[in-house]
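Hello,

Here is the structure I promised to pass on to you. Have a look at it first, and then read on for what turned up in it.

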Amino acid sequence: MSTRKSAHHSPTLESETVLVLQGGGSLGAYECGVYKGFNKNGIIFDVLAGSSIGAINTSIIASAQNAGIDEPSSILEDFWLSLSENMSFPNQFLQSPFPFMSSDEMMSIWSSFYSMLYGNPKAFLPRWFNPDSKDYFMPYKWTYLYDKIPLKKTLKQYIDIDKLKKIDRHRNNNNNNKDNKAHSRLIITSTDIQKGEPVIFDSAYSDIDIDKIVACAGYPFYGLRWTEKDGKYLWDGSLLTNTPMLEVLRRSPQINKKFYIVDVFPRQQKELPTNMIEVWHRARDIVFMDKTDKNIEMLKVTKKYLSLIKTIYDILHDDAAKVDQTTKNKLKEIELEYRSLNEKHGASITDLVRIGRREGSLHYLFEDADFSTYRIKKLIAEGEKDVDHILAKQD
């Protein structure tokens, strides 16, 4: 298989390679496997963007890449294996009463219920295990079920915050500096609870710390606690967008992009739901699956308008000698408007590669809460295998 290298940041950079990772709880282990496959094939990303668990994954990747680690995927894999828990259940628990459900599927169900009841010692702590907390005996006043303090401690072991500081563009563009090393840009998303607006953390403009990363992963429907940061109260970025491709384009509108998008929620499902649990499961998949097709169509229309404005300007400009001063002034206005629009929407998507997780016969609503070692390792292996397959097809 051929080795691929990305063109890193330089004054003449014409395009940049972007990895976009979705939110999806423990399904983020699949994204770990996908990145492991990319890393194995020599693909280095200029921009890393993510929501929820995707924000955590991309933060670990950006830190490792910027630190110059030879195998940055090993850091991400170590993180996921540290979250995984060795679980063993009595055989009677794994014997499904339903003929269509295997013991493997039953284990997934029990593992997710175990996580919901006991939490995860490296990620989230159930509130009912903290009797010293305020309002402990008044659950009707609770605004969260799980605290993310363990996650903060864990991330400090895998992320070098100094590698996520604001990008020094002068240093990155100084080709005479022999120590100059391209700096991967990190863009992660959260949601302002009170304003209902996105809050984007971008290493091109500000330092990114552990609190900002954790703020991007507070999914309220699973009871995860919000984060207070810089006077704002923040929830999970997936509430507004689970595939932050458009956020990357808005933040970097002048450089063409090659996107790699990892979709952990299946786009297609042949079987119709057969019960309410499967109905909710499929509805959730549709809500959070990759919807970038609409964004791409919108970008194509914008590019056509820009091309049309440029063509009209060129035609009129060629005949400028034959027009009066008033028309020349209008031409100047058209030129300024074109430049303004091009600065905001000038980037093109040169290529789009999708890697999508597939499901077997089990369509279980809480599979994204299964942190068993068996499931985490299986997801990592599936992600890596899917990348190998897609890259082989490209070759």
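Which kind of contact do the side chains of Asp-386 and Arg-358 make? They meet in a salt bridge, with N and O 2.6 Å apart. Asp-386 belongs to helix H13 (residues 373-394), while Arg-358 sits in the loop between strand S10 (349-356) and H13, so the pair ties together parts that are 28 residues apart in sequence. The two partners differ in their surroundings: Asp-386 counts as buried at 9% relative accessibility, whereas Arg-358 is exposed at 62%.

Before going further, please keep in mind that this is a predicted model. The average pLDDT of the chain is 83, and 75% of the residues score at least 70. Residues 1-13 stay under 50, and the model gives them 37 contacts beyond four places in sequence. Residues 170-180 are also below 50, with 13 contacts beyond near neighbours in sequence. Please read those two stretches with care.

Now for the overall picture. The chain has 395 residues, and buried ones make up 48% of them. Its secondary structure comes to 13 helices and 10 strands. If we take the contacts between residues at least 6 apart in sequence, 74% of them join residues at least 24 apart.

A good place to start looking is strand S2, residues 47-51. Five of its five residues are buried. In a regular strand, side chains alternate between the two faces of the sheet. Here both faces are covered: Val-47, Ala-49 and Ser-51 are buried on one side, and Leu-48 and Gly-50 are buried on the other.

What does S2 pair with? One partner is strand S1 (residues 15-21), which runs parallel to S2 and is joined to it by four bridges. Within that pairing, Leu-21 has Gly-50 as its bridge partner. Another partner is strand S5 (residues 185-192), again in the parallel sense, this time over five bridges. There, Val-47 stands opposite Arg-185. Helix H1 (residues 28-40) also comes into the picture, as S1, H1 and S2 make a right-handed β-α-β unit.

Arg-185 of S5 turns up again if you look at Asp-202, since the two are in contact. Asp-202 is placed in strand S6 (residues 197-202). Leaving aside neighbours within four places in sequence, Asp-202 is also in contact with Leu-186, Ile-187, Ile-208 and Arg-251. With a relative accessibility of 1%, Asp-202 counts as buried.

Another charged residue to look up is Lys-229, in strand S7 (residues 227-229). Is Lys-229 buried or exposed? At 14% relative accessibility, Lys-229 counts as buried, because the limit for that is under 20%. Apart from residues up to four places away in sequence, Lys-229 touches Asp-209, Asp-211, Lys-212 and Leu-234. Asp-211 is 18 residues from Lys-229 along the chain, and their C-alpha atoms are separated by 7.3 Å.

Next, the nonpolar cores. The largest has 59 residues, and those touching the most other members are Leu-19, Phe-38, Ile-56, Phe-79, Trp-80, Leu-155 and Ile-213. Which residues does Phe-79 touch, not counting those up to four places away in sequence? They are Ile-56, Ile-60, Leu-151, Thr-154, Leu-155 and Tyr-158. There is also a second, separate core of 12 residues, which includes Val-20, Ile-187, Leu-249 and Ile-261.

Finally, back to the salt bridges, which number 23. Asp-370 and Arg-375 meet in one of them, at 3.0 Å from N to O. Both Asp-370 and Arg-375 are buried. Elsewhere, salt bridges with shared partners join Arg-282, Arg-284, Asp-285, Arg-357, Glu-359, Glu-367 and Asp-368 into one network. A further salt bridge links Asp-162 with Lys-165, where the closest N and O atoms are 3.4 Å apart. Lys-165 is partly exposed, with a relative accessible area of 39%.

I hope this helps you find your way around.

Best wishes

Key:
Residues are numbered from 1 along each chain as its sequence is written. This is a predicted model: local features need pLDDT of at least 70, side-chain atom pairs count only at pLDDT 80 or more; totals for chains, interfaces and linings use all residues. Side-chain values use heavy atoms; hydrogens and water are left out. Buried means under 20% relative accessible area, exposed over 50%, partly exposed in between (1.4 Å probe, protein chains only). Helices (H or I, at least four residues) and strands (E, at least two) are DSSP runs, numbered from the N terminus. Two strands pair if DSSP finds at least two bridges between them. A crossover is right-handed if, with the strands pointing away from the viewer, the path from the first strand over the helix to the second runs clockwise. pLDDT is the predictor's confidence in each residue, from 0 to 100. Contact means heavy atoms within 4.5 Å. A salt bridge is a side-chain nitrogen of Lys or Arg within 4 Å of a carboxyl oxygen of Asp or Glu. A nonpolar core is a set of buried Ala, Val, Leu, Ile, Met, Phe, Trp, Tyr and Cys residues joined through side-chain atoms within 4.5 Å.
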